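User: I'd like to go through the labels on this one and hear the reasoning behind each. Can you set the values against the cut-offs as we go?

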Amino acid sequence: MNYKRLTLLCGHYGSGKTNIAVNMALDLRKSFDNVTVADLDIVNPYFRTKDSSDEFEKAGIRLIVSEFANTNLDLPSMPQDMYALTDDRTMKAVIDVGGDDRGALALGRLAPKIIEENDYEMLMVINKFRPLTPDAESTIEVMREIEAAGGIRFTGLINNSNLGDETTAENVLKSVEYANAVSSLSHLPVVLTTVQKELYNVLNGKIENLFPMTLQKKPIN
């Protein structure tokens with residue numbers, strides 16, 4: 001993938017955007033020194049990029065995250081250094097925006113400067129196996145709500161249709177039709193289809209723009 005300076009990931013609850021953010025950041029670090037992950041997800045207190053903070057530290061990746069992440073508090077508090085995302089143009093950043101339109105409200109604070117710089121991708125993470133986005137029409141509805149709340153239009157789609165550890169190659173292959181339907185209705189390209197690394201060799205050559213990923217594991221407290 002050819003990364004812009006900012007890669008913004010949005011999607012409905014459980015779409016898998018946080019896991020993609022982790023994998024993208026580690027992929028970016030192979031080519032760039034100044035890499036940041038920003039977790040603006042103020043809605044979901046259970047599964048955040050902070051779960052991979054040790055891995056980021058070892059890789060030399062900066063993490064911007066709310067001080068309340070991974071606590072028993074779920075306050076709508078934004079990290080104070082989030083404005084570095086727009087002020088420091090030497091960094092490459094992956095931004096986990098949040099689930100649905102409420103999570104995208106946080107993006108509105110950064111949207112004007114992001115649009116002004118115009119070096120970003122705003123990617124909708126779609127997953128046909130989630131109950132509220134099982135078809136193209138329902139997925140488009142969620143997309144429009146996120147755009148209205150965040151103030152930035154989407155530029156592309158990531159097909160992350162999966163069933164976690166139970167995902168099969170057939171599941172991923174069958175999701176391509178769904179992703180293409182969303183693409184047709186939204187007039188946006190499918191820039192990536194994600195797949196667990198264990199299935200990559202099986203599907204490589206059968207699906208365009210395949211992106212192998214390692215599933216994020218939440219630490220046991």
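User: What makes the contact between the side chains of Asp-27 and Lys-30 a salt bridge?

Analyst: One thing up front: this is a predicted model. The N to O distance between the side chains of Asp-27 and Lys-30 is 3.8 Å. The cut-off is a Lys or Arg nitrogen within 4 Å of an Asp or Glu carboxyl oxygen, so the pair counts.

User: And why is Asp-27 called partly exposed, and what is Lys-30 called?

Analyst: Asp-27 has 24% relative accessibility. Buried needs under 20% and exposed needs over 50%, so 24% lands in between and Asp-27 is partly exposed. Lys-30 comes out at 70%, so it is exposed.

User: What about Arg-29 and Asp-33: what makes that a salt bridge?

Analyst: Their closest N and O atoms are 3.7 Å apart, and the limit is 4 Å, so it qualifies. Arg-29 is partly exposed at 26%, while Asp-33 is exposed at 65%. Elsewhere, Arg-5, Arg-89 and Glu-117 are joined into one network by salt bridges that share partners.

User: How many salt bridges turn up in the whole structure?

Analyst: Ten. One of them is between the side chains of Lys-17 and Asp-96, at 3.1 Å from N to O. Lys-17 sits in helix H1 (residues 17–29) and Asp-96 in strand E4 (residues 92–99), so this pair ties together parts that are 79 residues apart in sequence. Both residues are buried.

User: Why do charged side chains pair up at all?

Analyst: Opposite charges can pair when the charged atoms come close.

User: On to strand E2. Why is it described as largely enclosed?

Analyst: Strand E2 covers residues 35–39, and five of the five are buried, so the rest of the structure largely encloses it. Val-35, Val-37 and Asp-39 point one way, Thr-36 and Ala-38 the other, and all are buried.

User: How do you know that E2 pairs with strand E3?

Analyst: Four bridges join E2 to E3 (residues 62–65). Pairing takes at least two, so the two strands count as paired. They run parallel, and Thr-36 stands opposite Arg-62 in E3.

User: Why is Thr-133 called buried, and where is it found?

Analyst: Its relative accessibility is 5%, and buried means under 20%, so Thr-133 is buried. Thr-133 is found in the loop between strand E5 (120–126) and helix H6 (136–150). Leaving out residues up to four places away in sequence, Thr-133 touches His-12, Asn-127, Lys-128, Ser-138, Thr-139, Val-142 and Tyr-178. The C-alpha atoms of Thr-133 and Gly-11 are 9.8 Å apart, with their positions 122 residues apart along the chain.

User: Which residues have the most contacts inside the largest nonpolar core?

Analyst: Leu-8 and Met-122, in a core of 35 residues. Among the elements giving two or more residues to this core are strand E1 (6–11), helix H5 (111–117) and helix H7 (169–186). H6 gives the most, with six residues.

User: Why does Leu-8 count as buried?

Analyst: Its relative accessible area is 0%, and the cut-off is under 20%, so Leu-8 is buried. Leu-8 belongs to strand E1. Beyond its neighbours within four places in sequence, Leu-8 is in contact with residues including Ile-95, Val-97, Leu-107, Ile-114 and Met-122.

User: And what does Met-122 touch?

Analyst: Not counting residues up to four places away, its contacts include Leu-8, Cys-10, Leu-107, Ile-146, Ile-152 and Phe-154. There is also a second, separate core of 19 residues, which includes Val-22, Val-37, Phe-56 and Ile-61.

User: Last one: what is the mean pLDDT of the chain?

Analyst: The mean is 87, and 84% of the residues reach 70 or more. Over residues 68–76 the pLDDT is below 50, and beyond near neighbours in sequence that stretch has 15 contacts in the model. As for the chain overall, its secondary structure comes to eight helices and eight strands, and 52% of its 221 residues count as buried.

Notes
Residues numbered from 1 in each chain as written. Predicted model: local features only at pLDDT ≥ 70, side-chain atom pairs only at ≥ 80, totals over all residues. Heavy atoms only, no water. Buried < 20%, exposed > 50% of the residue type's maximum accessible area, 1.4 Å probe, protein only. pLDDT = per-residue confidence, 0-100. Contact = heavy atoms within 4.5 Å. Core = buried A, V, L, I, M, F, W, Y, C linked by side-chain atoms within 4.5 Å.
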